[in-house]
Amino acid sequence: MESVAAQDAPLAVSEGAARKIRALATNDGRAEAILRVRVTAGGCSGFSYELSFQDAAAEDDLVVETAEGVRVLVDPRSVPIVRGSTLDFDDALLGGGLKMRNPQAAHECACGESFSL
């Protein structure tokens with residue numbers, strides 16, 4: 001587990017996303033807001049993101065400390081793919097939620113769930 005400061009992190013987390021993550025963790029009864037971001041093979045464009053709450057970091061995770069006391073975990077295989085990305089929150093009624101803005105994504109599926117590099 002390696003903690004990194006926001007300026008050295010592979011991804012940024014907007015204040016809106018941090019607030020939403022904190023609120024979701026609290027609603028879920030979690031004392032700590034620890035969110036895992038993982039890139040998996042799949043979806044109609046090749047890759048997709050998985051977001052899930054965790055109780056603790058794995059030994060090889062990169063830990064990004066963000067606003068609201070939120071910690072975001074990124075596994076070593078996902079780091080190169082999410083590098084330069086921003087985890088943001090969109091409050092639109094249709095298609096809103098936590099969104100990964102990845103400048104490396106060459107194509108995003110119309111469903112908004114998968115991407116290719």
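1. A polar contact, as the term is used in this note, is a pair of N or O atoms within 3.5 Å, of which, within protein, one must be able to donate a hydrogen and the other to accept it. By that criterion the side chains of Asn-102 and Ser-85 are joined, at 3.4 Å. The structure discussed here is a predicted model, and the remarks that follow should be read in that light.

2. Asn-102 deserves some further comment. The residue lies in the loop between β8 and β9 (107-108), and with a relative accessible area of 7% it is buried, because buried means under 20%. Besides the contact with Ser-85, a polar atom of the Asn-102 side chain lies 2.8 Å from the backbone nitrogen of Gln-104.

3. As to the overall architecture, the secondary structure of the protein comes to two helices and ten strands, and these follow one another along the sequence in the pattern β-β-α-β-β-β-β-α-β-β-β-β. Of the 117 residues, 37% count as buried, while the accessible surface comes to about 6500 Å², with 49% of it belonging to carbon and sulfur atoms. Among contacts between residues at least 6 apart in sequence, 55% join residues at least 24 apart.

4. One part of the fold that can be described in some detail is an open sheet of three strands, in the order β2-β7-β8 and with mixed pairing. Strands β2 and β8 (97-101) stand at the edges, and since each has a single partner strand, one side of each is left without a neighbour in the sheet. From one strand to the next the twist averages 25°.

5. The two pairings of this sheet can be taken in turn. Strand β2 runs parallel to β7 (residues 85-90), to which three bridges join it; within this pairing, Ala-12 has Thr-86 as its bridge partner in β7, and Val-13 has Leu-87. On the other side of the pairing scheme, β7 and β8 run antiparallel and are joined by five bridges, with Leu-87 standing opposite Met-100 in β8.

6. Helix α1 packs on this sheet, where it touches β2, β7 and β8, and its direction makes about 65° with that of β7. Ala-17, which is found in helix α1, counts as buried at 0% relative accessibility. Leaving out residues up to four places away in sequence, Ala-17 touches Leu-87, Asp-88, Phe-89 and Leu-98. The C-alpha atoms of Ala-17 and Asp-90 are 8.3 Å apart in space, although the two residues are 73 apart in sequence.

7. The largest nonpolar core has 21 residues, of which Val-13, Ile-21, Val-37, Val-72 and Leu-87 touch the most other members. At least two residues of this core are supplied by each of β2 (11-13), α1 (15-27), β3 (34-41), β5 (62-65), β6 (71-74) and α2 (79-82), and it is α1 that gives the most, with four residues. Ile-21 illustrates how widely such a residue can draw on the sequence for its contacts: not counting residues up to four places away, Ile-21 touches Val-13, Ala-33, Leu-35, Phe-53, Val-70, Leu-87 and Leu-98. Val-13 and Leu-87, both named above among the core members that touch the most others, are also the bridge partners already noted between β2 and β7.

8. Ser-14 is found in the loop between β2 and α1, and its relative accessible area of 18% makes it buried, because the limit for that class is 20%. A reader may wish to note how little separates the value from that limit before relying on the label. The side chain of Ser-14 makes a polar contact of 2.8 Å with the side chain of Asp-88. Beyond its neighbours within four places in sequence, Ser-14 is in contact with Thr-86, Leu-87, Asp-88 and Phe-89.

9. A last point concerns the backbone at Glu-68, which has a positive phi of about 65° although it is not a glycine. Glu-68 has its place in the loop between β5 and β6, and it is partly exposed, with a relative accessible area of 44%.

Methods
Residues are numbered from 1 along each chain as its sequence is written. This is a predicted model: local features need pLDDT of at least 70, side-chain atom pairs count only at pLDDT 80 or more; totals for chains, interfaces and linings use all residues. Side-chain values use heavy atoms; hydrogens and water are left out. A nonpolar core is a set of buried Ala, Val, Leu, Ile, Met, Phe, Trp, Tyr and Cys residues joined through side-chain atoms within 4.5 Å. Buried means under 20% relative accessible area, exposed over 50%, partly exposed in between (1.4 Å probe, protein chains only). Contact means heavy atoms within 4.5 Å. Two strands pair if DSSP finds at least two bridges between them. Axes are lines fitted to C-alpha atoms, for helices over the stretch in contact, and angles run from 0 to 180 degrees between N-to-C directions. Accessible areas come from the Shrake-Rupley method with a 1.4 Å probe; for residues, only the protein chains shown count as cover.
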